[in-house]
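Subject: Structure for your files

Hello,

Here is the structure I said I would pass on. My notes on it follow below.

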Amino acid sequence: MTISESVEAIAAPEGIAAPENTSYVSWTPVVLGAQVAAAFSSILLAFGATIGLAVTSTAPTWRDASAALALLSGLYLIIQAAISLGAGGYIAGRVRPGMADSDLVETQRRDGLHGLAAWAIAVVLGALLAALVGSAGLTRSNGSNAPAATTSAAEPLLSYEIDRMFRAGRRPPNVDLAAERAEAGRILLTASSHSGVSSEDRGYLVQLVSTATGLTGPDAERRVDTAIAGAKSAIAKSRRSSVILAFSVAAALLLGAAVSWAAAGVGRRHRDGEPMPRWFGAAPTGP
């Protein structure tokens, strides 16, 4: 018996097999699977946005989109999450080192947890990227040095209604209406409340429109009433899109977790040379 064989015999007594991988989680396959999932998700989301499948948009024409298009966009969000996160889970299970332990249940559990870990990291990466893009967009739209009096949450949701309300045939050059637009936007946001825009706020909007555009009497009131009705409709459609988006994201994440777990099991079967499950589309073996 050589020295190395003697050391192995002391480290692993007779009848007990030393596992090949002592760590319960192999982070290299997990991180690799998460990166693959994030990359697939970015590509599929970009493709969906290119062909017009988006749940929300700041363009005024998006408000005329049908509910079927919003539902189709939400369904696409769920499908792309299943594909991308499934690919990441498969990579995590396929690349993970095998175990010398013959306990099949424990092996399946470990592979599933690796797929779930890849899912979690991919979700965190996607959330961080979305937060960075959203913060950059808010900073660019509102201006980092803009005073609070000239900024409003109504932009860009109600920018079209505000533009129409303050539209004038002739206006002196270099007239800054930023403060008036911001104040009018904050008032128009109350159109979605239970009581709607109060009569006092409506009268104040009529005064703002008269001063900025030169319209008087019924013309200014008609301009304000049209803006209030448009703001109420735009906010309602934005809320509907937000509900569809929130439900689609939640469903996509939950389905992605299950798909990642199952895909990691498929990767284990490929890794260990086992036959594929029947639900995967493989023909059953044996009689």
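The model is predicted. I start with a salt bridge between D111 and R96, in which the closest N and O atoms are 2.7 Å apart. The two residues come from distant parts of the chain: D111 sits in helix α4 (residues 104-142), while R96 belongs to the loop between α3 and α4, and 15 residues separate them. Both partners count as buried, since the cut-off is a relative accessible area under 20%: D111 has 0% and R96 has 1%.

D111 also pairs with R268, and here the closest N and O atoms are 3.8 Å apart. Because D111 lies in helix α4 and R268 in helix α8 (residues 218-272), this salt bridge ties together parts of the chain that are 157 residues apart in sequence. R268 is buried as well, with a relative accessible area of 2%.

A further salt bridge joins D111 to R271, at 3.0 Å from N to O. R271 is in helix α8 and D111 in helix α4, so this pair again links distant parts of the chain, 160 residues apart. The relative accessible area of R271 is 17%, which falls under the 20% limit, so R271 is buried too.

Taken together, R96, D111, R268 and R271 form a network of salt bridges. In general, side chains of opposite charge can pair when their charged atoms come close. The structure holds 7 salt bridges, including the ones described above.

The other item is a helix pair. How do α2 and α3 pack, and at what angle? Helix α2 (residues 27-50) and helix α3 (residues 67-95) pack at about 155°, and their axes are 8 Å apart. Angles over 145 degrees count as roughly antiparallel, so that is how α2 and α3 run relative to each other. Their crossing is right-handed.

On the α2 side, the residues in contact include P29, V30, L32, V36, F40, L44 and F47. On the α3 side, they include Y76, L77, I83, L85, I91 and V95. Small residues take part too, among them G33, A37 and G48 from α2 and A87, G88 and A92 from α3. By class, the contact of α2 with α3 has 17 nonpolar and 6 polar residues, and no charged ones. S41 in α2 and Q80 and S84 in α3 are also among the residues that meet there.

Regards

Terms used:
Residues are numbered from 1 along each chain as its sequence is written. This is a predicted model: local features need pLDDT of at least 70, side-chain atom pairs count only at pLDDT 80 or more; totals for chains, interfaces and linings use all residues. Side-chain values use heavy atoms; hydrogens and water are left out. Axes are lines fitted to C-alpha atoms, for helices over the stretch in contact, and angles run from 0 to 180 degrees between N-to-C directions. Helices (H or I, at least four residues) and strands (E, at least two) are DSSP runs, numbered from the N terminus. Angles under 35 degrees count as roughly parallel, over 145 as roughly antiparallel, 65 to 115 as roughly perpendicular and the rest as oblique. A crossing is left-handed if the near helix is turned anticlockwise from the far one by less than a right angle, and right-handed if clockwise. Contact means heavy atoms within 4.5 Å. Ala, Val, Leu, Ile, Met, Phe, Trp, Tyr, Cys and Pro count as nonpolar, Asp, Glu, Lys and Arg as charged, and the others, Gly among them, as polar. A salt bridge is a side-chain nitrogen of Lys or Arg within 4 Å of a carboxyl oxygen of Asp or Glu. Buried means under 20% relative accessible area, exposed over 50%, partly exposed in between (1.4 Å probe, protein chains only).
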